Amino acid sequence: MCGIVGYIGHSERAQDVILDGLRRLEYRGYDSAGLAVLQDGKLRVVRTVGKLVNLESALRDVPLGGTIGIGHTRWATHGKPSEQNAHPHVAGTVAVIGNGIIENFHTLREELSGRGCEFKSDTDTEIISHLIDEQRKQGKGLLAAVRAAIQHLDGSYAIAVIDEEDPEEIVIAKNGGNPIIVGLGEGEQFVASDIPTILPYTRTVLILHDEEIGRIRREGVEITTFEGAPIARETRHIQWDPVQAEKGGYDRFMQKEIFEQPRAISDTIGPRLQNEDRIDLDEIELDPGFVRNLQGIQLVACGTAWHAGLLGRLLIERIARIRCDVDLASEFRYRDPLLTAEHMLIPISQSGETADTIGAMRHGMALGARSLAICNVHESTITREANSVFYTHAGPEIGVASSKCFTAQVVALHLIALELASLRGILTPDRLRDEIEALRRLPRLVEETLGLWSHVEAIARKYVNARDFLFLGRGYGFPVALEGALKLKELSYVHAEGYASGEMKHGPIALIDDGLPVVIVANQPSVYQKVISNAQEVRARGGAVIAVVEQGNRDASNHADDVIAVPAAPEAHGAVLATIPLQMLAYHIATMKGTDVDQPRNLAKSVTVE
Ligand code: G6P
């Protein structure tokens, strides 16, 4: 995920402060970096591919002196990692760095090309620099030009802009899930994507909210809405210790990781969805002949990753029409599996070190299957031994119970299903386009779903003393129910069972009694009526129903004690969206009970023994 840094002050240390900040943002992952400094009134830009040492060594030869500048680490979304695609992007006298995704990128690019604009990169951020430049040429000052330019953008972004013609300020803007903050100093100000980046310089910060613009000058900061109405934002004094700093201001790593999900998903899909009509998955080296002759796909995983696998099976069978099995890795070897060289084996593992998953992968490969691992950790055992790897770019996951890696694994499986279907020639170009468009919208819907935090907290308070919970779902909702129950068990030590809702009558219904909370995953239109009839059966026996439904559903409140509404989306994405409030429910109940959310008792992040 990209990182933003900016500096404006009196001493000529823009370059050093920016490089230092970029180093602190390295943890987010990146593939290129760059900075722009105003030196003697002129924009000077240096960009390099690869790690920061490359940028540092380029600057060692020609250091940039200046009191104002912006810098960026880029994780490719639109266009491959290259010097041209690295930020800042310059148009006219303006330099722009940006995080996020501009959804109407193609339309804007065509419009700008039609007006004679020439593009030097494949990025969506370059569009922004041209839009601002156009406004500057109409005589607007930098702030007014940025305000006018962003009216054209749809998407989620954070940007920082400097301009030769307006050399006394940095303008920043934010919309959607990309944080940007300002650190306030004495006669100097700092801009960054997160608070820890600026903590060595100042502990006084201003946080920009959605649809806000900031003008940063040496003597102070003005914040306004996109429409220009002034905002009196209070500064925050940060008193974190180093560990809190790593948590980026969240109380616990797990909370941070829940909130990082829009970014984990967009980083995982971004580099693979740079085109509207095809998926870029050359990295997994699938031979079209092998895919056409596939006899079946075998998924193996443990814990939360197994739940991702259950969703993956539905995706692969529905989209690619290939028979797909999913096994608990610990069971796989003991059923004498029927794999051959015409099978593909997909081990799914956040850590790449889970002993059972490694064992299952080795066993399947020994039978001749080709392995394609889904993993979040480079150089882990699974990635070294697999024939090919699809990396989820969720960033480090510290909380023992998995959250952002689960959602990243689901979108990874979705992309693989689409790639398999394309290679088998069973996806029409229109369907593929629709799927790509929907996947690109997902991070934004996840962002919106995060707004349920306080609502779910209130629901958690109602049920915090329940001794047991039941979670029910059907179709894509079934793995979500399993994951919701697992999260609650792991974090809060409350007994919870996840069931396919159709199985309720075959056993769990005996447990229902006064006040037993039953969470029903009911945001899947194709099975809604069936799932809701289970809700009625629960209530008829005195149970309390918490229903996760699509926004706009007016029926569920007749059958549920509490309703959690997530954005409407295609059903596979609905599974991702429904999982998020269930992560929150587990988190809130656990914090209310005072358990150790990040390191629950007896659990380990990587289970390296069988
Ligand atoms: C442990 C963790 C879970 C994780 C599972 C599989 O049980 O606590 O959060 O889902 O291992 O781990 P993996 O690294 O293979 O995804």
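In this predicted model, an N or O atom in the side chain of Ser349 lies 2.6 Å from an oxygen atom of the ligand. The neighbouring contacts come from the backbone: a polar backbone atom of Gln350 is 2.6 Å from an oxygen atom of the ligand, and a backbone N or O atom of Thr304 is found 3.1 Å from an oxygen atom of the ligand. Taken alone, the ligand would expose 390 Å², and the protein buries 92% of that area.

The wider surroundings of the ligand comprise 14 residues, of which the closest are Thr304, Ser349, Gln350, Ser351 and Thr354. By character, this shell divides into six nonpolar residues, six polar residues and two charged residues. As for where the ligand is placed in the protein, it sits in the second largest pocket.

From the ligand we turn to the sheets. Strands of a sheet pair through backbone hydrogen bonds, and they may do so in a parallel or an antiparallel manner. One sheet of this model is open and has eight strands, which follow the order 3-2-4-1-10-9-11-15 with antiparallel pairing. Its edges are formed by strand 3, covering residues 42-49, and strand 15, covering residues 236-237, each of which pairs on one side only. Within this order, strand 2 (residues 32-39) and strand 4 (residues 68-74) are joined in the antiparallel sense over six bridges, and Val37 has Gly69 of strand 4 as its bridge partner.

Another open sheet is built from seven strands in the order 5-6-7-8-12-13-14, and here too the pairing is antiparallel. Strand 5 (89-91) and strand 14 (230-231) are at its edges and have a single partner strand each, so that one side of each is left without a neighbour in the sheet. For strand 14, the pairing with strand 13 (residues 220-225) is antiparallel and runs over two bridges; in strand 14, Ile231 is the bridge partner of Ile223.

Two loops between strands deserve a look at their backbone geometry. Most residues other than glycine have a negative phi, and most peptide bonds are trans. Against that background, Asp40 has a phi near 50 degrees, a positive value in a residue other than glycine, and its place is in the loop between strand 2 and strand 3. The other case concerns the peptide bond from His87 to Pro88, which is cis, with omega near 0 degrees; Pro88 belongs to the loop between strand 4 and strand 5. Strand 4 is a member of the eight-stranded sheet, whereas strand 5 is an edge strand of the sheet of seven strands.

Notes:
Residues numbered from 1 in each chain as written. Predicted model: local features only at pLDDT ≥ 70, side-chain atom pairs only at ≥ 80, totals over all residues. Heavy atoms only, no water. Near = heavy atom within 4 Å. Polar contact = N/O pair within 3.5 Å; in protein donor to acceptor, adjacent residues only side chain to side chain. Areas by Shrake-Rupley, 256 points an atom, 1.4 Å probe, with all protein chains shown as cover. 1 Å grid on protein atoms, 1.4 Å probe; cavity = no way out; pocket = protein on both sides within 12 Å on 5 of 7 lines; lining within 4 Å. Sits in = over half its atoms within 2 Å of the grid points. Nonpolar A, V, L, I, M, F, W, Y, C, P; charged D, E, K, R; others polar. Pairing = 2+ DSSP bridges. Helix = DSSP H or I, 4+ residues; strand = E, 2+ residues; numbered from the N terminus.
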